[in-house]
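Student: I'd like a close look at just one part of this protein. Could you put it up for us and walk me through that part slowly?

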Amino acid sequence: MKAQEYVKALREKDAKALKEELTALRREQFNLRMQQATGQGGKPNLIRDARKKIARVKTVMAQQVKAS
């Protein structure tokens with residue numbers, strides 16, 4: 001999914017769904033870091049992608065708080 005489509009989908013979600021998405025992304029990021037630490041991480045770009053997705057979710061959450 002492209003970044004613009006992902007952000008568009010995030011903006012349609014409510015605060016609870018965004019928190020769940022953030023939790024899932026942080027869990028994914030942790031798992032990827034553990035794989036890298038144990039030498040199993042085959043795709044280092046996935047860690048960067050997870051970080052960027054977390055930032056996008058946090059940005060949308062902040063925008064929703066500011067708008068309300």
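Student: Which helices do the buried residues of α2 pack against?

Tutor: Before the answer, a word on what you're looking at. This is a predicted model, where local features need pLDDT of at least 70 and side-chain atom pairs count only at pLDDT 80 or more, while totals for chains, interfaces and linings use all residues. Residues are numbered from 1 along each chain as its sequence is written, and side-chain values use heavy atoms, leaving out hydrogens and water.

Now, your helix. The buried residues of α2 pack against α1 and α3. Helices here are DSSP runs of H or I with at least four residues, numbered from the N terminus. α2 covers residues 15-37 and α1 covers 3-11, while α3 is residues 45-67. Let's check α2's length: the expected span is 1.5 Å times one less than the number of residues. For the 23 residues of α2 that gives 33 Å, and the end C-alpha atoms are 33 Å apart, so the two agree. After α2 comes Gly39, with a positive phi near 85 degrees.

Who is tucked away in α2? Leu18, Leu22, Leu25, Gln29 and Leu32 are buried; buried means under 20% relative accessible area, exposed means over 50%, and partly exposed is in between (1.4 Å probe, protein chains only). Across the way in α3, the buried residues are Ile47, Ala50, Ile54, Val57 and Val60.

Several of these names come back in the largest nonpolar core, whose 9 residues are Tyr6, Val7, Leu10, Leu18, Leu22, Leu25, Ile54, Val57 and Val60. α1, α2 and α3 each supply at least two of them. Such a core is a set of buried Ala, Val, Leu, Ile, Met, Phe, Trp, Tyr and Cys residues joined through side-chain atoms within 4.5 Å.

Zoom in on Leu25: setting aside neighbours within four places in sequence, Leu25 is in contact (heavy atoms within 4.5 Å) with Tyr6, Lys53, Ile54 and Val57. Two of those partners also meet each other: the charged end of Lys53 sits over the ring of Tyr6, 5.4 Å from its centre. That label needs NZ of Lys or CZ of Arg within 6 Å of the ring centre and within 35 degrees of the ring normal.

Gln29 is in α2 too, and counts as buried because its relative accessible area is 14%. Not counting residues up to four places away in sequence, Gln29 touches Ala50, Arg51 and Ile54.

Definitions and conventions:
Helices (H or I, at least four residues) and strands (E, at least two) are DSSP runs, numbered from the N terminus.
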